[in-house]
Amino acid sequence: MESMCRTGRAASRTLRCGSVAVLVAMPATGVWASNGLNLVGFGAESLGLGSADIAVSRDANAVNINPAGMTQIAGQRLDGYVVPFYSFNFSHSDAYNDDYGIDNPFGIFGSAAYVTQGLHPDLRFGIGLFASGGTGINYDGLRTRFGTRDEYSAVLAITKVATAVAWQANPRFSVGLGINVTYSSTRQKVFPDTSDASDPAQPFFGLRIDGADGLSWNGRIGIQYKQTPNLTLGMSYATETDVKLRNGTATFNYEAIGLGRVKYRDTRIDGFALAREWGAGFAWQFTPRWMLAGELTWLDWSGSLNDARLYATRPDDAAAPKEVSFAQSLDHRDQYIWGAGLAYQWSDRTTLRGGVNISPNAVPNRTLTPTLNLTADGEIDLGFTHKLRNGWEFASAMQLQSIKKERYDNPEQPFGPAKEDYGVIAFTLQLSRSW
């Protein structure tokens, strides 16, 4: 996050900064395959079909996809999965750095969900813990325009506890309602060891943010309708999730103006949210062995990500400005995401899948930063499920987002004209049991 700040003459004056590199990232390792701040899908079947999952949704991950799909579960079902991923050819270039790679291109996350039939044969109840979204990057040792080498990194992790109830009104129609609680946390370093006041009009003070987190909630409603025995239609709508980041600390490097490093003990970040979304799709079993699924999803990023704002108060040095506030423009565009997938029942125990997910980039180049998820135009997905004994299943899916390059010149960043290269490959490994 670049901090170009004017200190003012009085320590009590609010410190306002004209530039900030947005503080969003994921597990301090590589960046994962995503649609903006959202994951592409949840679970091996969803991802193996290119996230064309709203009309298919029939395992416990339906809690977080389309809760109406839980009515396809008889008895109880437990699904758990992990996703190791690798960010390949991920690098940053500018006037001072040439294809500088991220510090660690590997990462892993996981999720789990459970659904039970409950007390009535037409009702289902579900709960799940999901790595729901975020973004992340870590460049350690970038050359800066101030003649230093320093760290530029950010992490935003978003984890969700999803709960849902579903009702099968009749053999053709089901409806589900979900209530979700989301925990968000962030940390960031933007050249924290650099401090430069040689240009009084645009001084630079390195920044470190720690410990900002918070809870929020949102809702989801979904339906599934069997138009014919072989054709299922689905719809899902989710409200916006406000990403709350409160009670953190921000440390500014004021060494260039003789104040050393000053910690602000009450820091919050406003302006981040997971977009409200609406999606509709179909699942067509056009032969006994072949199924085709398709889906269109709208993500309202233009209503959710406009500006990111940081407010910091309570400095530990009385000579420092008593308040710091600054903003970064985001101005994201809406996404219209197409998913399509094919499933083939190879045998009574094995099903093969393939899919594509097409997702135009929501981030304008004029507001792009290395710490935002750099969405590829699309990804290719492959997967399978194999039934084991006693109700156990193993499933897997591979996501591939091929190499893409983005050139940009964001005036709110400390780079000037710059370029980001990126590609991601991820594997979902899922173990399930029904009983």
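## Strand 26 and its partners

Start with Ser91: its bridge partner in strand 26 is Asp421. That pairing belongs to a set of 3 bridges joining strand 6 (residues 91-93) to strand 26, with the two running antiparallel. Keep in mind while looking around that this is a predicted model.

Strand 26 covers residues 418-434, and strand 5 (residues 76-87) is also joined to it, by 9 bridges and again in the antiparallel sense. If you want a spot to centre the view on, try Phe85, which stands opposite Ala426 of strand 26. Then there is strand 25 (residues 392-408), which pairs with strand 26 over 15 bridges, antiparallel once more.

## A closer look at Ser396

Ser396 is a handy residue for seeing how strands 25 and 26 sit together. Ser396 lies in strand 25, and across from it in strand 26 stands Leu429. Is Ser396 buried or exposed? Its relative accessibility is 10%, and because buried means under 20%, Ser396 counts as buried.

The side chain of Ser396 has polar company: one of its polar atoms lies 2.9 Å from the backbone oxygen of Thr428. Setting aside neighbours within four places in sequence, Ser396 is in contact with Thr428 and Leu429, and also with Ala44, Leu382, Gly383 and Phe384.

## Aromatic pairs

There are 19 aromatic pairs in the structure. One of them is Tyr86 with Phe106: the ring centres are 4.8 Å apart and the planes meet at 35 degrees, so this pair is tilted. Tyr86 sits in strand 5 and Phe106 in strand 8 (residues 106-116), so the pair ties together parts that are 20 residues apart in sequence. As for solvent, Tyr86 has a relative accessibility of 32% and counts as partly exposed.

Phe252 and Phe326 make an edge-to-face pair, with 6.3 Å centre to centre and 90 degrees between the planes. Phe252 comes from strand 15 (residues 245-254) and Phe326 from strand 21 (residues 323-329), so here the parts tied together are 74 residues apart in sequence. Both rings belong to buried residues: Phe252 has a relative accessibility of 0%, and Phe326 has a relative accessible area of 4%.

Rings also gather in a group elsewhere in the list of residues. Ring pairs link Phe146, Tyr152, Phe191, Phe204 and Phe415 into a cluster.

## The chain as a whole

Zooming out, how many helices and strands does the chain have? The count is 1 helix and 26 strands. Along its principal axes, the C-alpha trace spans about 75 × 40 × 35 Å. The radius of gyration is 23 Å, which agrees with the value near 22 Å that a compact globule of 435 residues would have.

Of those 435 residues, 54% count as buried. The chain exposes about 17,200 Å², and 57% of that is supplied by carbon and sulfur atoms. Sequence-distant contacts are well represented too: taking the contacts with a separation of 6 or more, 70% are between residues 24 or more positions apart.

Notes: Residues are numbered from 1 along each chain as its sequence is written. This is a predicted model: local features need pLDDT of at least 70, side-chain atom pairs count only at pLDDT 80 or more; totals for chains, interfaces and linings use all residues. Side-chain values use heavy atoms; hydrogens and water are left out. Two strands pair if DSSP finds at least two bridges between them. Helices (H or I, at least four residues) and strands (E, at least two) are DSSP runs, numbered from the N terminus. Buried means under 20% relative accessible area, exposed over 50%, partly exposed in between (1.4 Å probe, protein chains only). A polar contact is a pair of N or O atoms within 3.5 Å; within protein, one must be able to donate a hydrogen and the other to accept it, and residues adjacent in sequence count only if both atoms are side-chain atoms. Contact means heavy atoms within 4.5 Å. The radius of gyration is taken over C-alpha atoms; the globule rule is 2.2 Å times the number of residues to the power 0.38. Accessible areas come from the Shrake-Rupley method with a 1.4 Å probe; for residues, only the protein chains shown count as cover. Rings of Phe, Tyr and Trp (its six-membered ring) pair if their centres lie within 6.5 Å; planes under 30 degrees apart count as stacked, over 60 as edge-to-face and the rest as tilted.
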